[in-house]
Amino acid sequence: MSQTDFFPERDHSAFKADLLTLAALALVPAIGLGIARFSYALLLPSMRVGLGWSYADAGWMTSVNAAGYLIAALLSARAIGFVGANRVMRVGVAACVIALIMMGVLRHTELLNVSWFLAGFGGASAFVAGGVIAAQVSQRHPARASFLLGIFYAGPGLGIVLSGLGVPWVLGQWGAMAWSAAWLVLAAIAAVLALGVMRGVRVKPQRRDQEYTSAPLGSMGWMLVGYSFFGAGYITYMTFMIAWIQAHGENAAFQSLFWVVLGLAVALFPWLWAGVLKNQRHGRAFALLNGVTLVGAVLPLISNAWPVLLASAAIFGCAFFGVVASTTAFVRRNCGAAAWASGIGAMTVAFSVGQTLGPTLSGWLNDLTGGLSVGLLTSAVFLTAAALVGLLQTDSRATNAISASP
């Protein structure tokens, strides 16, 4: 019997095709999160000075973005059930590109808030829908499902790296007040990545009679609470860390290096945590990865030496999207395929509630204390709470019975 009887060529071709699909799908969070969310941290100091914002104002921009994310998360599962995940994903990606263009063209704070709200709405729509497609594709290869799903969640790393290279270059060429030009450069980068999504993601149209059911939210309660704490903690770090570095005297080149290291660490995580996501049951993977993220968030409070700051970027970056992936792995494990959209949508809602409240609270505390350290400490407190709550989460009885069966 030949080797192809055990490993048919068509199976290899199918895996290769799905791998390419996942690579194209990774461009979705690269746009919706890596660029249309996290790049704001690079431009926050310049926009704050140019527009006369307080830290609370700057934090409010992130909260507005998260509010758009929250509303889209509430609507995404129903929209996916009505028109299909592929269409929802493509509309979300297009909304992100349009929002980035608006950020570069508009000058008034109120209109910038509207633009950043649209970016959050589009980013969540694209992310939830892309996550559903990624879960469906990865499920076709059970032995490699965690690795394949991790590729999707590594996508933001590409967007972070491109932002970290592009924004400081623009500000270095034309000055700190050229933040509008930087937004247009980011819009151009996002448009190129969007073309990759449109051409690279080929999925079969969903049947009109495809079943969609609600996820068992009652049995997911601790994970939902913990994910809300995580949302508040991680986004505070991602919003204010560059401003914190700048306030401690680091130049634009180091800020760029910090952001690139963080992005590369995000891209590395599928290879680093695939085993954890595959083997750890209940809320253990979620708690463990929150703990690693916490270490990265605390390091700047210990020392502002550049090796410590770069270690913070690497540790935080390699773990925080692992937390996100762990929630999707949890949904796949505890929900039937028909409930994935509902489960991922519910997780995204909980995540959005936390990241809506966290930045404004931290910005207010920063203004109150006249610095950024208290905001970072708040991030650490939220991440600690997320890790502890995650330990309380268990898999459903059905999942435990399946895993225990011979």
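**Exercise 1. Is Cys-96 buried or exposed?**

Solution. The model is predicted. Start with the relative accessibility of Cys-96, which is 1%. Buried means under 20%. Cys-96 therefore counts as buried. Now take Cys-335, with a relative accessible area of 7%. Cys-335 is buried by the cut-off of under 20%. Finally, look for disulfides: the structure holds zero.

**Exercise 2. Find where confidence in the model drops.**

Solution. Begin with the whole protein: its mean pLDDT is 85. Of its residues, 92% reach 70 or more. Next, go to residues 1–9, where the pLDDT is below 50. Beyond near neighbours in sequence, this stretch has one contact in the model. Then go to residues 400–406, where pLDDT stays under 50. Here the model has two contacts beyond four places in sequence.

**Exercise 3. Describe the surroundings of Ser-39.**

Solution. Locate the residue: Ser-39 sits in the loop between helix H3 (27–35) and helix H4 (40–51). Check its exposure. The relative accessible area is 0%, so Ser-39 is buried. Look for a polar partner. A polar atom of the Ser-39 side chain lies 2.3 Å from the backbone oxygen of Ile-35. List the other contacts, leaving out residues up to four places away in sequence. Ser-39 touches Gly-34, Ser-163, Trp-183 and Leu-186.

**Exercise 4. Test the length of helix H7 against its residue count.**

Solution. Helix H7 covers residues 109–138, which is 30 residues. Apply 1.5 Å a residue; the helix should span 44 Å. That figure follows because the expected span uses one less than the number of residues. Compare with the model: the end C-alpha atoms are 42 Å apart, which agrees. Add the exposure. H7 is mostly covered, with 22 of its 30 residues buried.

**Exercise 5. Map the largest nonpolar core.**

Solution. Count its members: the largest nonpolar core has 126 residues. Helix H10 (residues 221–247) gives the most to this core, with 14 residues. Pick out the residues with the most contacts inside the core: Met-238 and Phe-258. Follow Phe-258 outward, setting aside neighbours within four places in sequence. Its contacts are Tyr-237, Met-241, Ile-242, Ile-245, Leu-309, Leu-310 and Ala-313. For context, nonpolar side chains tend to be buried together in soluble globular proteins.

**Exercise 6. Characterise His-282 by backbone angle, place and exposure.**

Solution. Take the angle: phi of His-282 is near 55°. This is a positive value in a residue other than glycine. Take the place: His-282 lies in the loop between helix H11 (252–279) and helix H12 (284–302). Take the exposure: relative accessibility is 22%, so His-282 counts as partly exposed.

Terms used:
Residues numbered from 1 in each chain as written. Predicted model: local features only at pLDDT ≥ 70, side-chain atom pairs only at ≥ 80, totals over all residues. Heavy atoms only, no water. pLDDT = per-residue confidence, 0-100. Contact = heavy atoms within 4.5 Å. Helix = DSSP H or I, 4+ residues; strand = E, 2+ residues; numbered from the N terminus. Buried < 20%, exposed > 50% of the residue type's maximum accessible area, 1.4 Å probe, protein only. Polar contact = N/O pair within 3.5 Å; in protein donor to acceptor, adjacent residues only side chain to side chain. Core = buried A, V, L, I, M, F, W, Y, C linked by side-chain atoms within 4.5 Å. Disulfide = S-S within 2.5 Å.
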